[in-house]
Amino acid sequence: MSIVQALMEATSIVFSWPTIGWVVVGLFLGIIAGALPGVGAALGMAIVLPLTLPLQPVDALIVLVGMYSGAMYGGSISAILVNVPGTGGSAATTLDGYPMSKKGQAVEALAISATASAIAGFFSVAALILLSPVIIELVLAFGSPEYFVMAILGLALITVVVRGSIVKGLTAGAFGLMITSIGIAPNSPELRYTFDSLALYDGIDFIAALIGVFAIAEMIKLSAQKGGIAGEAINMSGSALSGVRTTLSHPIKLLKSGFMGMFIGAIPGAGATVANFFAYGEEVRSSKDSESFGTGNPLGVLATEASNNGTIGGSLVPTISFGIPGSGATAVLLGGLLLHGLRPGPDMFEGELATTYAFLIALLIGNIFILLVGVFLVTRLGILTKVETNVIIPMVIVLAILGGYTLDTNWIDVWTVLGLGVIGYFMVKYDYSIIAFLLGIILGEIAEENLMRSLQLSGGSYDIFVMRPLSLLLVIMILVILFGPFIKSKLKASFNN
Amino acid sequence: MGKDNRDRGIGRRSFVKCAGAASAVSLAGLAGCLTDDEGDGGDDYPSDDIQFIIPFSEGGGTDVYAREMGPMLGEELGVNLPIENISGAASLRGTGEMMHSEPDGYTVAAYNPPSTPVSEMVNEQDFDLTEATGLGLFATTPFVIVAHPDYEIEDYDDLIDRYDDGELEIFSGKERGGIDHVMAKVMREEHGINWEEYVGYDGSGPAVEATMSDEVPAAISTDTAAEAAVADDSVDLVCVLASGGSGVFPDEEPVTEQGYEEMDYLVELSRGIYAPPETPDEVVEAWEDALETVMTSEEMEEWSEETGNEIIYDDGAAAEAVVEEAYEQIPDVVDLDDVRDAAD
């Protein structure tokens, strides 16, 4: 079957009834799963997976990928409204999304999120249809040394995103890294700080940590405030349309973040959380007005939300091509493929090409649905920010605790949510950067595991990090991030003299 | 902002209600809390829902089987069989939960000897897996070795020669301290494959991917995890390690046919269902009957054919035997302290 024939067949499948209905059902369920902290795409899809058994394989996959896409967007809703990232992929969205809500601009922030998610999602899936061979090459070029250097690049971003004392920022980052040393060591079966408890065997779940430092910490802070999240004296301003306009007026930033998400998403194990923070860091770094980030800069929401929906296209490549899922959600999707008799591998791009295209086209169509629902329906939830805090606080705390427990039915996650919530409150109060802490806790394990493995592969030589083109490029990027501003100001000074 | 606040208030309340309800329902569904009250394993077993623990994440190999056969088993047993994924701690957390439950037949778990036993041998727990009550086996998954195509490795003999003459040094598979690492050590002892360094990855998928990109020359994998990459010619299939061969690669002769010692206690995952120690016989009988009916049903066979997930049926005694064999044989051939120290 030729590509054109397959595309035409796939299009007719997607637009037939009831398939088109399943697109909507998947996205709708995904948005709800994404907005609920701790549920997210993987768990939501796993709950729905057995229910898809009676469906046609293509319909079942459309429901599952629709949920994946919907959840990626849905995570931003609670991130923006109540500072609770529904998924790891929207953790960085809170950084400017929630301050916008506090300023009374929740509706605009939600509209930016929907528009950026939809457009970036659309273009990254469209690019996936065209670029999948190139993405496969990228996946294979990314080995253990590159993973390690990428994690260090992320840690180097701490110097870009931290406001105020850099020492406090580095301390917060080191605290995050230290937490990742809990649990079984990545390269030997050695147990560290588990106190003989199986619950601590896998360490501290970073999703629980980020629910804690965002949700619980903010609720403690809000408990001293009268009125709603947006404050009594603040008037709601901004409209859904102005959010759409803001997004559309920055097409380059939008596509840059979206494609950044797509490439990071293609690397198994990196995923939406890493993409979300990288896109945010890059937006802050490249901005002339970097000081305004963290105080409600709409571009912070735009970049983060474009990047996480961008990861979807990228992450599907290793899953469909080699049966290698790069994240929890794609692992469930892989389970779905197998459950319905579809085997990942070359056949998905040959005999089953029409099915593959059908669910990619469903993803494309789904983005239009996200845009409509996001802009016209979800923005109405902006009023939540005017609801009295004594109503909001108990609800968010209950959702955060339920979310923590739902992650892995492990009570340690609930204690993490509460414990790091309190620590997070004091960190914010005394100006220790939460984002630096999170970069540490998200990237620590990736860095340790891949450093050890790389050194094993090289026989202990550190040359491995600069002898391969891609890792050398990443090392140069780290140097530019760390020393670029310093050299730039020196050069400027010498030119002026 | 032309809308009246009261209208929006309704939207807000219903949103929060839906959100709370959805979260609570998902939680209850997962935890199997929809059960009324616990049964006692009396004569009319089963009279209540049975908690089916999967000690692995959603979407993994064991989970895929459980979600396919779970509803059918429930139908046979006449009760609901809510699946609970208690993953983590190399499958020991969910397994431990089952081992510490009442032996009334209302908590069972699916795990895969020798993988879970190896995890327990390396990190000893306060329960003895050889005392678990076997309810039956439903599948086997053989291990294979794959290599990067550039090396043009012909077969197992050739692979061993390459390691012997120093052309290859690194061997890989899943994480160090896990079953693949133990397997690699046993293969060095028993088959003389002299690798120098074992590099571990976070699962068979990543190990196969590392082989594809030539980060490592060869890796141990399950046959299903290697299937797509072999079909794509991204990796070469070197050999099938289990004596029964592989349904995924039916044309490949197992290494035992080439005269290598059989190590099925280690190189083949037996997927089984287990209950706590001292579970009554009538529970075992009820499960054996239900499992046999389901695994030999047309529906299951069709699914197996479509998906390539192999199915078998064997009774509870066989399920117990594979665990016992793992505990008897592995400590004899591998120094577990050495594995714990991860010396190489």
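These are my notebook entries on a predicted model with chains A and B.

**Entry: the interface of chains A and B**

I began with the contact between the two chains. I count 60 residues of chain A in contact with 61 residues of chain B. The area buried between chain A and chain B comes to about 5,200 Å². Carbon and sulfur atoms give 64% of that area.

I then listed the elements on the chain A side. Those giving two or more residues to the side that touches chain B are helices H3 (40-48), H6 (106-141), H7 (144-156), H14 (298-322), H15 (328-339), H17 (389-408) and H19 of chain A. Which of them gives the most? H17(A) does, with seven residues. By residue class, the chain A side divides into 39 nonpolar, 14 polar and seven charged.

Next I checked the polar links. I find zero salt bridges across the interface of chain A and chain B. Polar contact is there, with eight residue pairs across the interface, both residues at pLDDT 80 or more.

**Entry: Glu449(A)**

I picked one residue on H19. Glu449(A) lies in this helix, which covers residues 434-458 of chain A. Is Glu449(A) buried or exposed? I note it as buried, because its relative accessibility is 13% and the cut-off for buried is under 20%.

The side chain of Glu449(A) makes a polar contact of 2.6 Å with the side chain of Arg453(A). Leaving out residues up to four places away in sequence, I find Glu449(A) touching Pro186(A), Asn187(A) and Asp202(B).

**Entry: helix H5 of chain A**

I looked at how enclosed this helix is. H5(A) runs over residues 93-102, and nine of its 10 residues are buried, so the helix is largely enclosed by the rest of the structure. The buried residues include Asp96(A), Tyr98(A) and Met100(A). Gly104(A) follows H5(A) and has a positive phi, near 90°.

**Entry: the two domains of chain B**

Domain 1 of chain B takes in 37-140 and 269-333, while domain 2 takes in 142-266. Their C-alpha centres lie 28 Å apart. The contact uses 12 residues from domain 1 of chain B and 16 residues from domain 2 of chain B.

How much area do the two domains of chain B bury between them? I have about 1,100 Å², with 69% of it on carbon and sulfur atoms. Three residues stand out on the domain 1 side: Val118(B), Leu269(B) and Val333(B) supply 38% of the area that domain 1 buries against domain 2, more than any other three residues.

I find zero salt bridges between domain 1 and domain 2 of chain B. The polar contact count is one residue pair, both at pLDDT 80 or more. On the domain 1 side, helix H4 (115-122) and helix H12 (316-333) of chain B are the elements giving two or more residues. H12(B) gives the most, with four residues. The domain 1 side divides into six nonpolar, four polar and two charged residues.

**Entry: salt bridges**

My search of the whole structure gives 14 salt bridges over all chains. I followed up three pairs in chain B and a network in chain A.

Asp63(B) bridges to Arg67(B), with the closest N and O atoms 2.9 Å apart. Both sit in helix H2 (residues 61-77) of chain B, and since they are four residues apart, about one helical turn separates them. Asp63(B) is buried at 0% relative accessibility, and Arg67(B) is buried at 8%.

Arg162(B) pairs with Glu167(B), the closest N and O atoms being 3.2 Å apart. Arg162(B) is buried, with a relative accessible area of 12%, whereas Glu167(B) is partly exposed at 44%.

Asp338(B) forms a salt bridge with Lys185(B), at 3.1 Å between the closest N and O atoms. This pair links distant parts of the chain: Asp338(B) is in helix H13 (residues 336-341), Lys185(B) is in helix H6 (residues 179-190), and their positions lie 153 residues apart in sequence. Lys185(B) is buried at 6% relative accessibility, while Asp338(B) is partly exposed at 26%.

In chain A, I noted a network of salt bridges that links Lys256(A), Glu282(A) and Arg285(A).

**Entry: Glu282(B)**

Last, I looked up Glu282(B). Glu282(B) lies in helix H10 (residues 281-295) of chain B. At 27% relative accessibility, Glu282(B) counts as partly exposed. From Glu282(B) to Asp214(B) I have 53 Å, C-alpha to C-alpha, and 68 residues in sequence.

Notes:
Residues numbered from 1 in each chain as written. Chains lettered and ligands numbered in written order. Predicted model: local features only at pLDDT ≥ 70, side-chain atom pairs only at ≥ 80, totals over all residues. Heavy atoms only, no water. Buried < 20%, exposed > 50% of the residue type's maximum accessible area, 1.4 Å probe, protein only. Polar contact = N/O pair within 3.5 Å; in protein donor to acceptor, adjacent residues only side chain to side chain. Contact = heavy atoms within 4.5 Å. Buried area = accessible area lost by both parts, 1.4 Å probe. Salt bridge = Lys/Arg side-chain N within 4 Å of Asp/Glu carboxyl O. Nonpolar A, V, L, I, M, F, W, Y, C, P; charged D, E, K, R; others polar. Domains from an automatic or database assignment.
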